[in-house]
Each structure stands twice: as structure tokens, then as C-alpha cells.
Amino acid sequence: MTVVRRVFSVFPALSRLLPSSGRCSNRFTTAADLEELITPPVQINYTKLLINGQFVDAASGEVIAHVAEGDAEDVNRAVAAARRAFDEGPWPRMTAYERSKILLRFADMVEKNIKEIAALETWNSGKPYEQAAKIELPMFVRLFRYYAGWADKIHGLTIPADGPYHVQTLHEAIGVAGQIIPWNFPLLMFAWKVCPALACGNTIVLKTAEQTPLTALCVAILFHEAGLPEGVLNIISGYGPSAGAALASHMDVDKLAFTGSTDTGKIVLELAGRSNLKAVTLELGGKSPFIVCKDANVNRAVQLAHFALFFNQGQCCCAGSRTYVHEHIYEEFVEKARLRAMRRVVGDPFKRGVEQGPQIDSEQFEKVLKYIKSGIVSGATLECGGGRFGSKGYFVQPTVFSNVEDDMLIAKDEIFGPVQSILKFKDIDDVIKRANNTQYGLAAGVFTKDVNTANRLSRALRVGTVWVNCFDVFDAAIPFGGYKMSGMGREKGIYSLYNYLQVKAVVTHLNKVR
Ligand code: NAI
Ligand code: MG
């Protein structure tokens with residue numbers, strides 16, 4: 001059945017970003033499609049709840065769009081398209097310079113439409129519009145330009161060997177990349193996955209998170225307008241256990257890149273292993289320590305620790321969710337952290353100055369509230385917040401706990417919400433041990449003026465990123481990824497290219513050396 005999607009009737013400014021021709025396979029239904037139907041088109045006018053003779057919105061949210069749900073059969077079609085595009089299409093065969101120009105043209109088009117796309121990202125995810133427009137979209141554009149720069153600089157080596165051989169390595173695209181992304185940064189996760197794969201000449205089937213299907217479809221249309229050939233980038237909206245699992249276990253997918261929870265990471269790794277042993281990279285959960293040393297400027301440390309935890313509604317894999325503060329400055333820090341959290345502006349993400357929007361969905365909202373309860377029950381001190389914000393939507397009050405102990409659930413589990421846990425430490429040896437005592441190893445923050453302390457902590461912490469006197473610096477060139485159960489492999493920078501390349505050794509016998 002062809003599902004007619006209600007195409008953003010709530011958002012007319014976007015209509016110009018929608019396709020008018022039929023060049024993409026995963027596109028919205030157009031007027032041209034409707035002309036082919038033999039029955040009159042059916043308008044879906046009634047989508048609200050009918051209560052007491054009135055159409056009303058659901059208490060927990062409003063429908064903004066209906067999206068086609070892909071399942072295993074759609075994944076098969078998308079993989080077949082990506083396979084054809086790789087085996088026979090122009091993308092892997094054109095010069096790297098041509099590929100690079102298409103990536104650059106796409107970046108230009110996104111840059112021209114930043115406001116509209118950022119607004120759609122806010123509808124998509126609930127994040128503050130200012131954050132999407134000023135931070136995430138410019139980063140998205142930067143990532144495409146960065147990898148456009150790599151496209152024509154990928155090459156192998158000439159290697160001296162023992163004997164009469166000419167040895168060279170060819171760095172070749174792997175083939176069809178399956179990519180599964182989460183909902184916390186829908187566009188940035190799209191960029192982290194898509195940029196390196198395309199720069200290396202692969203083709204893609206990308207599954208967006210079921211909570212946030214809108215922006216990937218929107219930018220993919222622009223990409224085709226920028227000259228991306230058909231079948232190179234296929235996008236499936238759908239659920240994890242159906243569409244996601246079908247992609248992870250597909251026999252014709254050569255590489256799998258996943259970002260999401262550690263539990264789901266284990267599932268997709270197993271699916272990949274049981275099917276065709278496709279290469280897998282995983283970017284998973286975290287419980288990152290943010291360590292504030294004795295010599296720190298407390299005001300600045302409070303600001304940074306606040307940002308490290310509360311950014312993006314606390315929904316960051318690398319959130320600084322264990323704030324370790326030295327005992328000498330602990331009381332002052334806690335009081336200032338409480339005041340800062342109470343000043344945090346929560347509300348309509350489209351309004352100027354709003355720092356925090358709603359959590360992504362009811363599941364996450366309930367999960368965060370459950371952890372807050374567990375913090376109270378386990379004896380941590382609730383400094384502020386502690387419940388729902390307002391009466392509509394999934395808003396959570398910025399919440400701060402002090403006197404948190406390492407064995408409390410709020411100090412061990414990934415909460416993924418606006419809940420700061422402040423722990424006390426005595427000395428560097430103590431905090432190193434405690435910071436490393438976790439299944440995770442994604443990132444850490446270190447706040448100190450002492451270069452020796454900074455160096456010592458940077459080396460001792462078993463994590464993929466250490467931010468010293470800064471946090472969440474996501475430059476396109478800086479690699480990101482996890483130790484331990486926070487993942488496998490690195491994304492961004494030059495490292496991400498290796499995820500999407502095969503190395504072929506070509507050994508040619510030399511008849512006469514000179
Ligand atoms: P999830 O890891 O289940 O979902 C992430 C992606 O994986 C989505 O596209 C989803 O559809 C897909 N997926 C789910 N089950 C799958 C399966 N069986 N096979 C293939 N793909 C599958 O994350 P979820 O359930 O949305 O959130 C749960 C928790 O995960 C959060 O509370 C948070 O702690 C963590 N999380 C971490 C993220 C990160 O950036 N590392 C991002 C999102 C969630
Ligand atoms: Mg899940």
C-alpha cells in the first residue's frame with residue numbers, strides 16, 4: 001500500500017525542500033504519483049483523538065507527520081539499490097575530485113538552507129532551535145567540507161619488500177555500508193556516518209532512529225539535487241528490531257556502523273557476526289567523569305560541568321555525568337552548580353534563549369524520572385529539580401544531586417537526561433581509580449591549572465577522549481570513540497576513513513631489479 005504522508009502541513013516553509021521529481025526512491029508522494037492512481041486520492045484528515053465529540057491531541061504529544069515505516073523487505077530493496085550503485089554505478093568510478101565536488105555542492109546547499117533545516121531538526125528532536133541553527137548545522141556543513149577535502153587524498157603506499165617484488169597497497173572502498181543512527185543528534189550522526197563512507201566511494205543504506213526520521217530525508221533530497229547519483233544514499237525510516245536488525249544481518253551489506261545504546265550495540269555486533277562477518281564499528285553509551293581539581297577556578301568549572309552534563313537535554317553519549325569535585329572546593333561547587341541549574345531556561349525550543357527542550361519521548365522521560373527517584377531513595381541529596389517541568393510534553397526539571405556515592409545507580413547507569421551527580425574526591429590516585437571503575441570508557445573532562453595533573457589524568461583515564469579545561473569539542477578532524485563497552489573504532493578525522501576502506505596488497509614480481 002502506498003501510504004500518503006501528510007507532508008509537513010505544519011511547516012509550509014519546508015515545502016521548497018521537498019522533491020518535485022521522482023529521482024529518489026525514498027521520497028514523499030508527489031502530485032505526479034497521485035495521477036497514476038485509479039481511485040480518487042484519499043485525504044487523511046482525521047488523525048487526532050476523538051474524545052467527548054471533539055478532536056483533541058494526545059496528552060503526551062502532538063502528531064506532526066506520518067512517515068513511511070520500512071521493514072525487512074524495504075531494507076532488501078535499499079540494499080539491492082546500493083549494491084547496484086556500487087557494482088555498476090558511476091559513484092565509485094568517477095574521479096575522487098568529482099565526488100569531492102558533489103560533497104562540497106551539497107554542503108553549500110545545506111548552508112543556504114540552515115534556518116529551515118534547523119527548524120525541522122527542532123521539530124524532529126525537540127532540541128532548542130538556536131542550538132540546531134548555530135551549533136549543529138554549521139558543524140554538519142563543516143563535516144561535509146572536511147571529508148570532501150579527504151576524498152581526493154586517499155591513497156595507498158609503495159612498500160619495499162625482501163626480494164624482487166614491486167609492492168603497492170590500494171585503498172579501496174568496502175562496498176555497501178549499513179548505518180544505524182540514534183535520535184539525539186539526528187543530523188550530526190548522519191554526517192559522522194555518511195561523510196567518510198562517501199568520501200571513500202562506498203554506497204549506503206542508512207536507518208534513522210524511529211523517533212527522528214525527518215531531517216535525514218530532507219537533506220538527502222538536497223544531496224540528490226547536488227548531483228549524488230541514484231542508489232548511493234538510501235534512507236530507511238523504521239524500527240530497530242525490524243529494519244535495523246534486517247540491515248545488521250544482511251548478507252549483501254559489507255560494513256556496519258552503529259551509534260546507540262550498548263545493549264543494542266551487542267545485538268547488532270552479533271547479527272553481523274552470525275550473517276556475513278561484516279566489519280563493525282560501534283559508538284555506544286558512556287558515563288563520563290568530569291574531574292574538577294583542587295586548584296580549579298570554581299566559577300568556570302561550574303559553568304563547564306553544567307554544559308558538559310545538561311547540553312542537549314542531557315542526551316549525549318559523552319555527557320559528563322559523574323562530576324567529581326575535590327573536597328576542598330566541594331561545598332562551594334555544589335552551591336554554585338545548584339544556582340546555575342536553577343537558572344537554566346527550559347521551555348519551547350523555538351523561543352530565543354531557551355537552553356533546554358523536552359526529552360525525546362515518553363520512554364526516555366519515564367526513564368529519567370525513574371533514575372531521579374532512585375537517586376533520592378539511595379540517599380543522595382537532591383539540590384534542585386527532581387521532577388517534571390510543566391504539565392505538557394516531556395520536559396524534565398534540571399536536576400542536581402550532591403553527596404552521590406560511586407555505587408548508586410545514578411553514578412553507574414547512563415541516565416541520558418538533565419540530571420547532574422556530584423561526587424567528592426580526596427586525591428588524584430583516588431579519582432583515577434574511581435573514574436576508571438566503570439564498564440564505559442567514552443570520554444572524560446579534566447579541570448585544572450596544573451599541567452602535570454592534566455597530563456597525568458589524560459594518560460591514566462581509560463577513555464577515547466579527554467577534554468582538558470574544555471568539553472564537547474567536536475571538531476571534524478578530531479577522532480571520537482570509546483574504550484571498553486563504549487564502542488569499537490573511531491569516527492571523524494582521518495581515522496573514520498579506515499572504517500570505510502579495504503587495503504589490497506598488490507605484489508608484482510620484478511624480472512630484473514635494475
Ligand atoms: P537504541 O540503541 O536501542 O537505538 C539506537 C538505534 O538502534 C535506533 O536507530 C534504533 O532503531 C536501532 N535499534 C534498536 N534496536 C535494534 C536492533 N535490535 N537491531 C538493529 N537496530 C536496532 O537506543 P534507544 O532504545 O533509543 O535508547 C535507549 C538508551 O540508549 C538511551 O536511554 C541512552 O542511554 C542510550 N543511547 C545512547 C546513544 C548514544 O549516542 N550513544 C544514542 C541513543 C541512545
Ligand atoms: Mg532501544
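Colleague: Why is Trp150 called partly exposed?

Modeller: This is a predicted model, and in it Trp150 has a relative accessible area of 21%. Buried means under 20% and exposed means over 50%, so Trp150 with its 21% falls in between and counts as partly exposed.

Colleague: And how do you know whether Tyr146 is buried or exposed?

Modeller: Tyr146 has a relative accessible area of 16%. That is under the 20% limit, so Tyr146 is buried.

Colleague: What makes the rings of Tyr146 and Trp150 an edge-to-face pair?

Modeller: Their centres are 6.4 Å apart, and rings pair if the centres lie within 6.5 Å. The planes stand at 75°; over 60 degrees counts as edge-to-face, so that is the name for this pair. The structure holds 21 aromatic pairs, by the way.

Colleague: How far apart along helix 5 are Tyr146 and Trp150?

Modeller: They are 4 residues apart in helix 5 (residues 129-151), which means about one helical turn separates them.

Colleague: What makes Trp183 and Phe416 an edge-to-face pair?

Modeller: Here the centres are 5.5 Å apart and the planes meet at 90°. The distance is within 6.5 Å and the angle is over 60 degrees, so the pair is edge-to-face.

Colleague: Why do you say that this pair ties parts together?

Modeller: Trp183 lies in the loop between strand 5 (176-180) and helix 6 (186-199), while Phe416 lies in the loop between helix 13 (409-412) and strand 14 (419-425). The parts tied together are therefore 233 residues apart in sequence. Both Trp183 and Phe416 are buried.

Colleague: How do you know that a charge sits over the ring of Tyr371?

Modeller: The charged end of Lys370 is 5.1 Å from the centre of the Tyr371 ring, and the limit is within 6 Å, along with an angle within 35 degrees of the ring normal. Lys255 likewise lies over the face of Tyr500, at 5.6 Å from the ring centre.

Colleague: Let's turn to the second largest pocket. Which residues are the closest to its centre?

Modeller: The pocket has a volume of about 900 Å³. Of its 39 lining residues, Trp183, Phe258, Gly260, Ser261 and Thr264 are the closest to the centre. Helix 9 gives the most to the lining, with 7 residues.

Colleague: What kinds of residues make up that lining?

Modeller: The lining divides into 17 nonpolar, 12 polar and 10 charged residues. Gly counts as polar, so Gly260, one of the residues closest to the centre, belongs to the polar group.

Notes:
Residues are numbered from 1 along each chain as its sequence is written. Chains are lettered from A and ligands numbered from 1 in the order in which they are written. This is a predicted model: local features need pLDDT of at least 70, side-chain atom pairs count only at pLDDT 80 or more; totals for chains, interfaces and linings use all residues. Side-chain values use heavy atoms; hydrogens and water are left out. Rings of Phe, Tyr and Trp (its six-membered ring) pair if their centres lie within 6.5 Å; planes under 30 degrees apart count as stacked, over 60 as edge-to-face and the rest as tilted. Helices (H or I, at least four residues) and strands (E, at least two) are DSSP runs, numbered from the N terminus. Buried means under 20% relative accessible area, exposed over 50%, partly exposed in between (1.4 Å probe, protein chains only). On a 1 Å grid over the protein atoms alone, a cavity is a set of points where a 1.4 Å probe fits but cannot get out, and a pocket is an open set with protein on both sides within 12 Å along at least five of seven lines; lining residues have an atom within 4 Å of a point. Grid points are joined across faces, edges and corners, and a volume is the space filled by probe spheres set on the points.
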